[in-house]
Amino acid sequence: MEKPVVRESKYRNVFGKTVRKELFYTNLKVNVSGGDELIKANSLFFCVPWMSGGGAVAVIPLKSHGKASDSQPLLTGHSDLITAFDFDPNNDFILATGSRDTTVKIWRIPEEGLKEHITVPNITLSGHSKKVMTLSFNPVAENVLLSAGADSLAKVWDIETGNCRVNLEGHQDIILSAGWNGCGGSRGVSGN
């Protein structure tokens, strides 16, 4: 007697449940032409680049399920498309955005979320000569941000003072990715 053929798989007893429609987020006008990052989240908010004719992001509370408003409040301080953004892991109300306009802007999100457009950031970090490609907050040190750009430079910033603390030079091409190790002591960058 032949045994039935059963495919061995570590997934065969895994089942998923469909999320209820009332927990969906809809009407999100995500701008997919700015950069590689399309969504970031922390324990309170999620952020997406917004189609608005310039550099804007929407910061939406995670508990705000349903249809996004056509007049969604935005962070709109950049003059060109946003290419990178990151939430501070040490403070859920701090967001960094980088843009084709070569600047990095630091935003403080109100505790209740955005109720109106905010056009003026807490601080603007200038130092890249080409678009900002990636941003990464240090996972353990407060107020420390790593930025890297198409100018082949990576920079470590103190976001309280706006000072660039470290310039990482010597890359031969665009830096596409940058980050920290888990304990925040080392940086890594990669590019073409």
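This is a walk through the structure above, from the whole chain down to a few residues that reward a closer look.

Bear in mind from the start that the model is predicted. The protein chain has 16 strands and zero helices, so please read this as a tour of strands and the loops between them, following the DSSP runs. Along its principal axes, the C-alpha trace spans about 75 × 40 × 30 Å. Of the 192 residues in the chain, 42% are buried. If you look at contacts with a separation of 6 or more, residues 24 or more positions apart account for 45% of them.

Now for the surface and the charges. The protein chain exposes about 11,000 Å², and carbon and sulfur atoms supply 50% of that area. There are 20 positive and 20 negative charges, and the mean positions of the two sets are 8 Å apart.

Next, let us turn to the aromatic rings. How many aromatic pairs does the structure hold? There are two. In one of them, the ring centres of Y25 and F46 are 4.8 Å apart and the planes meet at 65°. Planes over 60 degrees apart count as edge-to-face, so this pair gets that label. Y25 belongs to strand β1 (residues 25-26) and F46 to strand β3 (residues 45-49), so the pair ties together parts that are 21 residues apart in sequence. The two partners also differ in their surroundings: Y25 is partly exposed, at 28% relative accessible area, whereas F46 is buried at 4%.

The other pair involves F45 and F93. Their ring centres lie 6.0 Å apart with planes at 70°, so this pair is edge-to-face as well. Here too, distant parts of the chain are linked: F45 sits in strand β3, while F93 is in the loop between β7 (82-87) and β8 (94-99), 48 residues away. Is F93 buried or exposed? With a relative accessible area of 18%, F93 is buried, because the cut-off for that class is under 20%. F45 is buried too, at 3%.

Strand β1 leads on to another place worth visiting. In the loop between β1 and β2 (40-41) you will find N27, a residue other than glycine whose phi is positive, near 65°. Why point this out? Because most residues other than glycine have a negative phi. N27 is partly exposed, with a relative accessible area of 25%. T102, in the loop between β8 and β9 (103-108), likewise has a positive phi, about 75°, without being a glycine.

N27 also brings us to A68, which lies in the loop between β5 (66-67) and β6 (75-78). Which residues does A68 touch, leaving aside its neighbours within four places in sequence? Its contacts are T26, N27, L28 and W50. A68 itself is buried, at 9% relative accessible area. Y25, the tyrosine from the aromatic pair with F46, appears here again: A68 and Y25 are 43 residues apart in sequence, yet their C-alpha atoms are 7.1 Å apart in space.

Finally, a word on cysteines. A search of the whole structure finds zero disulfides. C47 counts as buried, at 0% relative accessibility, while C164 is partly exposed at 32%.

Conventions
Residues are numbered from 1 along each chain as its sequence is written. This is a predicted model: local features need pLDDT of at least 70, side-chain atom pairs count only at pLDDT 80 or more; totals for chains, interfaces and linings use all residues. Side-chain values use heavy atoms; hydrogens and water are left out. Helices (H or I, at least four residues) and strands (E, at least two) are DSSP runs, numbered from the N terminus. Buried means under 20% relative accessible area, exposed over 50%, partly exposed in between (1.4 Å probe, protein chains only). Contact means heavy atoms within 4.5 Å. Accessible areas come from the Shrake-Rupley method with a 1.4 Å probe; for residues, only the protein chains shown count as cover. Lys and Arg count as positive and Asp and Glu as negative; His and the chain ends are not counted. The place of a charge is taken as NZ of Lys, CZ of Arg, CG of Asp or CD of Glu. Rings of Phe, Tyr and Trp (its six-membered ring) pair if their centres lie within 6.5 Å; planes under 30 degrees apart count as stacked, over 60 as edge-to-face and the rest as tilted. A disulfide is a pair of cysteine sulfur atoms within 2.5 Å.
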